Amino acid sequence: MMVAGAQALELKKQEVDALNVFPVPDGDTGTNMFLTIQSAAKDADKVIGTSISDVATAASMGSLMGARGNSGVILSQLLRGISKGLEGLVSANPFQLAQALQAGVDTAYKAVMRPVEGTILTVSRETARAALNKAKAGGSLLETLQEAHKKGLECLAKTPEMLPALRQAGVVDAGGQGFLIIFGGWIGVLTGETIRVEGFHQEQRVIPESSESKESKQDFIQVENLEFPYCTEFLVKGTDLHVEQIRQDLYNRGDCLLVVGTSEVVKIHVHVKNPGKILDYAIQWGSLHEVQIHNMLEQNEAMAHALKSKSAESMEALNAEKTPEIDQPIKEYGVVAVAMGQGIADVFLSLGVDEVVFGGQTMNPSTEDLASAVRKVPARQVFILPNNGNIILAARQVKDVVSDQNVHVIPSKSIPQGISALLNLNPEGEAGDNLLNMERSLGKVRSGEVTYAVRDSQFGDLAIAAGDILGLVEDTIVETGQTLLEVAKATLEKMDWKDHDLVTIFYGEETELQEVERLKTWLQEENSNVEVEAHPGKQPLYYYIFGVE
């Protein structure tokens, strides 16, 4: 079943990639899920014997190590829960397998800080629910999974009604589609077919335009805000402290949660609306120490950023296996950063990053890729800068596979955010202070990109044609046009660049130097008081990456 599920998605991964709600060239949900399930299938295939528990455990570990992107990480959590549900079983009857599917859904929901309905989570939940109902009614294993698959497809068809972004783009949820393709592969084994790839066909995924979608266009535009403004950090000291229980209890009470420690001391860091409630909860476990509460809405003086240029080793040498010198001292802090271009990697290295993992849009590194980079860093504590929202979940799983180093994930969603966080790392400071300052710095920089459309689409009031130049601010499309310079100007205007001190430009591998000079000239003519820095990022797909602070 695991192998057939991976084979089924391999045939359909490009179709799933095409379900991306944005027309920018970064649709990679199908690819990420395939690489994740492929890793799971490879480990499952190595199991000697017929214990379903052993196979599920191997698949769970394989998916954890191979998880890429948010969709891949959620898939790995589904498999992790299924493994827990089948633990200790040599074989499973329909009801036991249905219960394992439900355990997978429960685990996946817990892994996502703010679950969103209309996604793979919803589709997997309805699939598991149907499996339980059918199994309780006495259905055979095949009947149980077929009924679950049918209900899953019905739920998938309704995902555009749950998410306005899907309705307006005319697509169903890509993660849900990928999950059901894998599920179809499982069924194919039981029916005697080699592969089953039943699911939505291209013509079935188009959702008619309606007035409702136009009226709700504002519902899905992402806006950066501080829903949880109080950064709360403290130690709990006691006896028989349960780290995992504390983490679970606090999981849905705030954002940027970090719970680490031992049975005697636990460190808690979380962003919340009401710090008092968190402290009231924690004091039940023991005594509180080193309590720090910061209001992140307070204005702080902007830090002047000066990017030093120096030559760096090539990406080929960077990604090759490197073994630290035997006598190399172990330092307190190290940094791993994800970069999508040689030039951007050079900047990170010049600013003190120890290891750069090549990746970004369409090429998300796996948990194992990031863990391997962490292990190469001769430091007790390692900060990971994902620099892409689709890599954050995979980065957070590194803590599950690296046990001899303290791993901290700074949830940077862009290259400018990653650089801002890096400049706020104090090698002489306390870990908690560094974590706080690096996370707070993310809100002090605005990020923008200029790329191109790969298909016709409608986004809000913007009618987009394939080949159009697109401007994005914080991952939201804000401008479209025919010329690179005009779209770049308009995008920067939407970023309110004139009200800031510094504009940083990373230009891509396909961007001509003449275009860069034209843009720099315009910026200087419009406001000579704003410092402008331009660097050859050499990133693919994106003509420009902007940082404004």
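Q: What makes L513, Q514 and E525 of α21 count as exposed?
A: In this predicted model, these three residues are exposed and sit on the other side of α21 from its buried residues. Exposed means over 50% relative accessible area.

Q: Which residues of α21 are buried?
A: They are E515, V516, L519, W522 and L523. Buried means under 20% relative accessible area.

Q: How do you know that the buried residues are on the same side of α21?
A: Look at the arc they cover around the axis. It is only 130°, which puts them on the same side of α21.

Q: What do the buried residues of α21 pack against?
A: Two strands that follow in the numbering of the chain are β15 (531-536) and β16 (544-548). The others are α20 (484-494) and β14 (502-507). Contact here means heavy atoms within 4.5 Å.

Q: How do you know that the span of α21 is close to the expected one?
A: Helix α21 covers residues 513-526, which is 14 residues. From first C-alpha to last, α21 reaches 20 Å. The expected value, at 1.5 Å a residue, is 20 Å.

Q: Why is the pair R518 and E515 called a salt bridge?
A: Their side chains meet at 3.4 Å, N to O. The cut-off is 4 Å, so the pair counts.

Q: Where do R518 and E515 stand relative to each other in helix α21?
A: They are three residues apart, so about one helical turn separates them. An α-helix has 3.6 residues a turn, so residues three or four places apart point the same way.

Q: Why is R518 called partly exposed?
A: Its relative accessibility is 41%. Partly exposed lies between 20% and 50%, so R518 fits. E515, its partner in the salt bridge, is buried.

Q: What makes R125 and E117 a salt bridge?
A: Their closest N and O atoms are 3.0 Å apart. That is within 4 Å, so the definition is met. R125 has a relative accessible area of 22%, so it is partly exposed. E117 is partly exposed too, at 32%.

Q: What makes E126 and R129 a salt bridge?
A: The N to O distance is 3.3 Å. The limit is 4 Å, so they qualify. Both lie in helix α6 (residues 120-136), three residues apart, so about one helical turn separates them. E126 is partly exposed at 22%. R129 is partly exposed at 42%.

Q: Which residues are linked in a network of salt bridges?
A: E117, R125, E126 and R129 are linked in one. The whole structure has 16 salt bridges.

Q: Why is L190 called partly exposed?
A: L190 has 32% relative accessibility, so it falls between the 20% and 50% limits. L190 lies in helix α9 (residues 174-191). With M1 and V189, L190 forms a nonpolar patch on the surface. Together they have about 210 Å² of accessible area.

Q: What makes the phi of N387 worth a look?
A: Phi of N387 is near 60°, a positive value in a residue other than glycine. Most residues other than glycine have a negative phi. N387 is in the loop between β7 (379-385) and α16 (392-396). At 6% relative accessibility, N387 is under 20%, so it counts as buried.

Q: Is K538 buried or partly exposed, and where does K538 lie?
A: At 42% relative accessibility, K538 counts as partly exposed. K538 lies in the loop between β15 and β16. Its phi is near 60°, also a positive value in a residue other than glycine.

Methods
Residues numbered from 1 in each chain as written. Predicted model: local features only at pLDDT ≥ 70, side-chain atom pairs only at ≥ 80, totals over all residues. Heavy atoms only, no water. Helix = DSSP H or I, 4+ residues; strand = E, 2+ residues; numbered from the N terminus. Expected span 1.5 Å × (residues − 1). Buried < 20%, exposed > 50% of the residue type's maximum accessible area, 1.4 Å probe, protein only. Arc of directions from axis to C-beta. Patch = residues over 30% accessible without salt bridge, like charges linked within 9 Å, V, L, I, M, F, W, Y side chains within 5 Å. Areas by Shrake-Rupley, 256 points an atom, 1.4 Å probe, with all protein chains shown as cover.
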